[in-house]
Amino acid sequence: MKWLSVIVPTYHDDAALQRLVTQIQLTAPAGVELIVVDGVLRRRPSWLPQWVCYVTSSMANRGAQLQAGGQQAQGQAFWFLHADSRLNFQQAFAQLHKTTASVGFFTLTFNDPKWRYRWLAWSSNLRARYGHLIFGDQGLFVQQDVYRASGGFRPQPLMEDWQLSRDLHRLGVPFHQFSVRLQTSARRFEGGGFVQTLLKMHVIKFLYMIGVSPQRLVKIYERRRH
């Protein structure tokens, strides 16, 4: 049995995915499987190594993709990772291999040195550690039995990471912060404006908390993008 399943959802991002697969191939120790879940129904990319498990999701939403990856995974623990994540994989695998944590996340940073991104990363790490809310770009790690007990990811188009965090927290397990820094892209903030994007995200979170369905939230999210 594999000790770790690395699960990567992707959607029209082959350049980032190819870089990630190469890094994992060069650094992964024995007993690690990699599962790529594509939100595009297509043939397996010719450049993808045969040892990588390739799954397509009939629904192009992150929750459905993550759920499909979790159903396919055979590892004793799962590591959900975005394709554009950048980190020292050798150090990350070493920490994951020796951890006794049930749930964990990596120390988030952005690929932009501006103070607002340093503040956002700091507050995101604080939220995950003490508020028990791990978002997708923080590299969620969870033991398989804990993931199964929580019900796993739900096939919803938004707030799937928020919902899983809530479900995991209800189990009473602590959330551990790994010291390895995980760098993610600031492109969504730059494209839509930092303040506007941040406000939009908080509006979506508030509406979800008061019971607005993820399906309706997607329409609001898409409308606010244009």
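Guide: Welcome! Before we start, one definition: Ala, Val, Leu, Ile, Met, Phe, Trp, Tyr, Cys and Pro count as nonpolar, Asp, Glu, Lys and Arg as charged, and the others, Gly among them, as polar. Please keep in mind that this is a predicted model.

Visitor: Thanks! How does one find empty space in a structure like this?

Guide: Rolling a probe the size of a water molecule over the atoms shows where empty space is left. Let's begin with a pocket. The second largest pocket here has a volume of about 200 Å³. Its lining is made up of 16 residues, and Leu-120, Ser-124, Arg-127, Phe-135 and Lys-205 are the closest to the centre.

Visitor: Which elements give two or more residues to the lining of that second largest pocket?

Guide: Strand S5 (103-110) does, along with helices H4 (115-130), H7 (187-192) and H8 (194-209). The largest share, 5 residues, belongs to H4.

Visitor: And by class, what does the lining of the second largest pocket have?

Guide: There are 8 nonpolar residues, joined by 4 polar and 4 charged ones.

Visitor: Now for enclosed space. How many cavities of 30 Å³ or more does the count come to?

Guide: The count gives 1 cavity of that size. About 90 Å³ of space lies inside the largest cavity. Among its 13 lining residues, those closest to the centre are Leu-66, Phe-80, Gly-136, Phe-153 and Asp-161. Helix H2 (62-72) and helix H6 (160-170) are the elements that each give two or more residues to this lining.

Visitor: How do the residues lining the largest cavity divide by class?

Guide: They divide into 8 nonpolar, 2 polar and 3 charged residues.

Key. Residues are numbered from 1 along each chain as its sequence is written. This is a predicted model: local features need pLDDT of at least 70, side-chain atom pairs count only at pLDDT 80 or more; totals for chains, interfaces and linings use all residues. Side-chain values use heavy atoms; hydrogens and water are left out. On a 1 Å grid over the protein atoms alone, a cavity is a set of points where a 1.4 Å probe fits but cannot get out, and a pocket is an open set with protein on both sides within 12 Å along at least five of seven lines; lining residues have an atom within 4 Å of a point. Grid points are joined across faces, edges and corners, and a volume is the space filled by probe spheres set on the points. Helices (H or I, at least four residues) and strands (E, at least two) are DSSP runs, numbered from the N terminus.
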